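User: I would like a close look at one part of this model, with enough context to judge how far to trust it. Please keep the answer plain.

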Amino acid sequence: MPDIKQEEEKAILVALELPGMKSDEVEESLNELSGLAQTAGAEVVDMYVQRRNRPDPATFLGRGKVAELAGVAGATGADILICDRELQPAQQRNLEQELGIRVIDRTQLILDIFACRAQTKEGKLQVELAQLQYMLPRLTGLGTQLSRLGGGIGTRGPGETKLEVDRRRIRKRISDLKKEIEEVRRHRELLRRGRKQVPLPMVALVGYTNAGKSTLLNILTGAEVLAEDKLFATLDPTVRGMRLPDGDRVLLADTVGFIQNLPHHLVAAFRATLEEVVEADVIIHVVDISHPRAASQMQAVEAVLESLEVAGKPRLTVYNKADRLTGGLPEDLSGQDVADAEGVMVSALQGTGLNQLAQQLSVLLRKNRIKKTFYIPYHKSNLMHLIHENGKVLQAKHDPDGVEVLAEMGVVWAQRLESKLKG
Ligand SMILES: Nc1nc2c(ncn2[C@@H]2O[C@H](COP(=O)(O)OP(=O)(O)OP(=O)(O)O)[C@@H](O)[C@H]2O)c(=O)[nH]1
Ligand SMILES: [Mg+2]
């Protein structure tokens, strides 16, 4: 088949170092942006960090830097400038005007990657929704997102009327998309309920993008999820069964990778993809222990887990890519950090440490499953579903007012049931 791929776009990357930021963190974030740009198919021709007290309200970067970049853009034949921070619509427009090339920010870049990678219907709908929501407030005045890319004569953008039509169309599409997503979600909810009939514990693999979650899922379950050295290889959740050494079966769910500075509305858009995490009984946090910024990646993941309100769930930390640890632990991670977290070292690639992983998972599940007797009065018998969905009934004794149930279920659910019985 002929290769019809377009020539790679040439990209210049810029970041601002504002007061209070650490140089090496700005640098690392810029490197990550470079990885994202390459994932999106761009060739990075230059990277800049500018120190400033605050972003220039009109052009984000300072005057001098803008002039310098205009020269660089000409000399390198760059097509696009990517900023490692969310740009105001006006800043974006002004920069484009002054540089004469396309300007986007980290959010748009991530959205672009998501757009290329989403496989399922739900994933695609979510990406489109996030893109439109991002675009809507940016549709203002001269030179809009929809029209300004023409170049040359006639690039002055549509008049207000056309703009209003565009806005209305986009709002309509947004509301249609929301309905469609709701539809798909209901369907997934049914699937999930189906899974709960078989009361298997759900274990969610979470972690920074590229940590090796999909590779781990594949080797543990024999699945064939695309795993590659690109950021955001996985956008759609995959769930597979896995048998633990003691015979227990669990469901293992792969999830979308997290990343630093992932804008809030993006996290919201992908909430559905993260439902597996919210629903999970146990969370496995996969860490790329060979990454120089392993500790700050762990913190970024922690922050997302907190925002999903699942930070308190039973947790296992898996330090992956142990095969690449030739020179000791990454610089920002102390041995103590590793020792403190309940964790296990593995190499998903070479298949080492997997037995310990399975064993620790068994222990964790046992520890967090308890047998307990509840008295459920008939007027609260709707609460029985909590047991049926999240555990099993071992014995039941009826009397005129209710039923005494001996149940085996996860601690989390047992606590929830108890508080509902009291309240
Ligand atoms: N050396 C080494 N490489 C690994 C290991 N596990 C995964 N990788 C590589 O790391 C890269 C990313 O792996 P994935 O499994 O796609 O990572 P992921 O966490 O699913 O990434 P996203 O879906 O993008 O969030 C791939 O090139 C893997 O081959 C490991 O134990 N050792
Ligand atoms: Mg993956």
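How many contacts beyond four places in sequence does the model have for residues 1-5?

Analyst: The model has zero such contacts for residues 1-5, and pLDDT stays under 50 over that stretch. This is a predicted model, so the confidence values set how it can be used: where pLDDT is low, the predicted coordinates should not be read in detail.

A second stretch with pLDDT under 50 is residues 141-158. For residues 141-158 the model has 21 contacts beyond four places in sequence, whereas for residues 1-5 it has zero. The caution about detail applies where pLDDT is low, whatever the contacts.

As context, the chain averages a pLDDT of 81, and 80% of the residues score at least 70. For the complex, the predictor gives an ipTM of 0.99 and a pTM of 0.70.

The chain has 423 residues, of which 34% count as buried. Its secondary structure comprises 14 helices and 13 strands. Of the contacts between residues at least 6 apart in sequence, 68% join residues at least 24 apart.

One annotated position can be placed against this background. In an unreviewed UniProt entry, the annotation "binding site" covers Ser-214 and Thr-234. Ser-214 lies in helix H7, which spans residues 213-221. Ser-214 counts as buried because it has 24 C-beta neighbours inside 10 Å, and the cut-off for that class is 20 or more.

Methods: Residues are numbered from 1 along each chain as its sequence is written. Chains are lettered from A and ligands numbered from 1 in the order in which they are written. This is a predicted model: local features need pLDDT of at least 70, side-chain atom pairs count only at pLDDT 80 or more; totals for chains, interfaces and linings use all residues. UniProt positions are given in the numbering used here, feature names are shortened, and annotations may be inferred rather than shown by experiment. Helices (H or I, at least four residues) and strands (E, at least two) are DSSP runs, numbered from the N terminus. A residue is buried if 20 or more other C-beta atoms lie within 10 Å of its own, exposed if 12 or fewer, and partly exposed in between; C-beta atoms are placed from the backbone. Two residues are in contact if their C-beta atoms, placed from the backbone, lie within 7 Å. pLDDT is the predictor's confidence in each residue, from 0 to 100.
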